[in-house]
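Please examine the sequence and the structure shown below before reading on. The paragraphs that follow lead through the chain step by step.

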Amino acid sequence: MTSVVTGGAGYIGGHLVDHLIENGEDVISIDDYSFGSYVNEKAQNIKLDLRIAYPEIPKEAIIYHLAANPDVKTSMENIYDHFERDVKVTLNAMEMARKYDAKMVIFFSSSTVYGEGKIPTTELDEIKPISNYGLFKVLGEEILNFYARNYGIRGVSLRLANITGGRVSHGVVIDFIKKLRKNKEVLEILGNGKQRKSYLYITDLLSAVDVIVKYFKGLYDSFNIGNDDWVTVDEIARIVEEEMGLSPKHVYIDAGEGRGWKGDVRFVLLDISKIKSFGWLPKYSSAQAIRLAVRDILDKV
């Protein structure tokens, strides 16, 4: 079986490439290295801008589509770049799937498609994004659904909560660590610190992907992938400070309504009953995932 990972040099993509190779898969990693530089020498690594073209791949491969601009914040500023990297790239990935008769496409979407919905949020709840990042993930899901209905390409959209741990390259954990390395006395926190979100450790995400591939038998569907609990930004700050042995003063930079930036979803807790019905459970809680992520980063210094 051949697995194709778009965005295989990125944070989640790189971990997925490693995981698939460890499971004995033949892996093709496609990336233009704009948002990551990770390379597993055991994979076939193709440097390619998927906005422009797609490569020839083996027939009946499973495609894991992660290629995108991963920064929610900049999606509100660099709209057209995000559109090209998030929507056009997805269209090209699905054309690649159609031309080479892909067995299945797994699209790594986001909980941002919901915006600020009811808590906890189910897959049947209203889709109402408040960021361009979320909007473009909705469009990506619709492209996948269209190709499933019209070309028979089986597809799954994974609506991810916040993923952390391992070689995490962006997000609140690494942001706090970088800030505290520059100034141990003061920690700048975006928002009011009361934002509350669900976090999932990277290995729990990989186990969820395995479960989807093994047990999903339909034509197209979407699944929430997250945790059963959540943590506040203030709680995350305390965990980082404990691991670094620091007690800084907190300074809050509120973008309005307690948000860290325009388009910041303040509360994220996904209902994960659907994937749990396949037998999957996260091993680590949100707080444990944060602590493990901090240790992963600090251990690499």
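In an unreviewed entry, UniProt lists residues 4–226 as "domain: NAD-dependent epimerase/dehydratase". In the model, which is predicted, the span 4–226 is 35% helix and 22% strand. The C-alpha atoms at the two ends of this span lie 24 Å apart.

A separate domain assignment divides the chain into two domains. Domain 1 consists of residues 2–163 together with 199–225. Domain 2 is made up of three segments, namely 169–198, 228–268 and 284–299. Taken over C-alpha atoms, the centres of domain 1 and domain 2 are separated by 26 Å.

How do the two domains meet? Contact involves 18 residues of domain 1 and 26 residues of domain 2. Between them, domain 1 and domain 2 bury about 1800 Å², and 62% of this area is on carbon and sulfur atoms. On the side of domain 1, the residues that lose the most area to domain 2 are Glu116, Tyr199 and Tyr201, which together account for 43% of what that side buries.

Charged and polar groups also take part in this interface. Two salt bridges are counted between domain 1 and domain 2. Glu116, already named for the area it loses to domain 2, forms a salt bridge with Arg259, and the closest N and O atoms of this pair are 3.0 Å apart. In addition, six residue pairs are in polar contact between domain 1 and domain 2. The elements that contribute two or more residues to the side of domain 1 touching domain 2 are strand S10 (199–201) and helix H5 (202–215). Strand S10 supplies the largest share of that side, with three residues. Sorted by class, the side of domain 1 that touches domain 2 contains 10 nonpolar, five polar and three charged residues.

Salt bridges may also be considered for the structure as a whole, which holds 22 of them. One pair is Glu141 and Arg159, whose closest N and O atoms are 2.7 Å apart. Because Glu141 lies in helix H3 and Arg159 in strand S6 (residues 155–160), this pair ties together parts that are 18 residues apart in sequence.

Two details of the backbone complete the tour. Which residues are joined by a cis peptide bond? The bond between Ile119 and Pro120 is cis, with an omega of about -10 degrees. Pro120 is located in the loop that runs between strand S5 (104–110) and helix H3 (132–151). The second detail concerns Glu60, which has a positive phi of about 60 degrees although it is not a glycine. Glu60 is also a loop residue, placed between strand S3 (44–47) and strand S4 (62–65).

Definitions and conventions: Residues numbered from 1 in each chain as written. Predicted model: local features only at pLDDT ≥ 70, side-chain atom pairs only at ≥ 80, totals over all residues. Heavy atoms only, no water. Domains from an automatic or database assignment. Contact = heavy atoms within 4.5 Å. Buried area = accessible area lost by both parts, 1.4 Å probe. Salt bridge = Lys/Arg side-chain N within 4 Å of Asp/Glu carboxyl O. Polar contact = N/O pair within 3.5 Å; in protein donor to acceptor, adjacent residues only side chain to side chain. Helix = DSSP H or I, 4+ residues; strand = E, 2+ residues; numbered from the N terminus. Nonpolar A, V, L, I, M, F, W, Y, C, P; charged D, E, K, R; others polar. UniProt positions renumbered as here; feature names shortened; annotations may be inferred.
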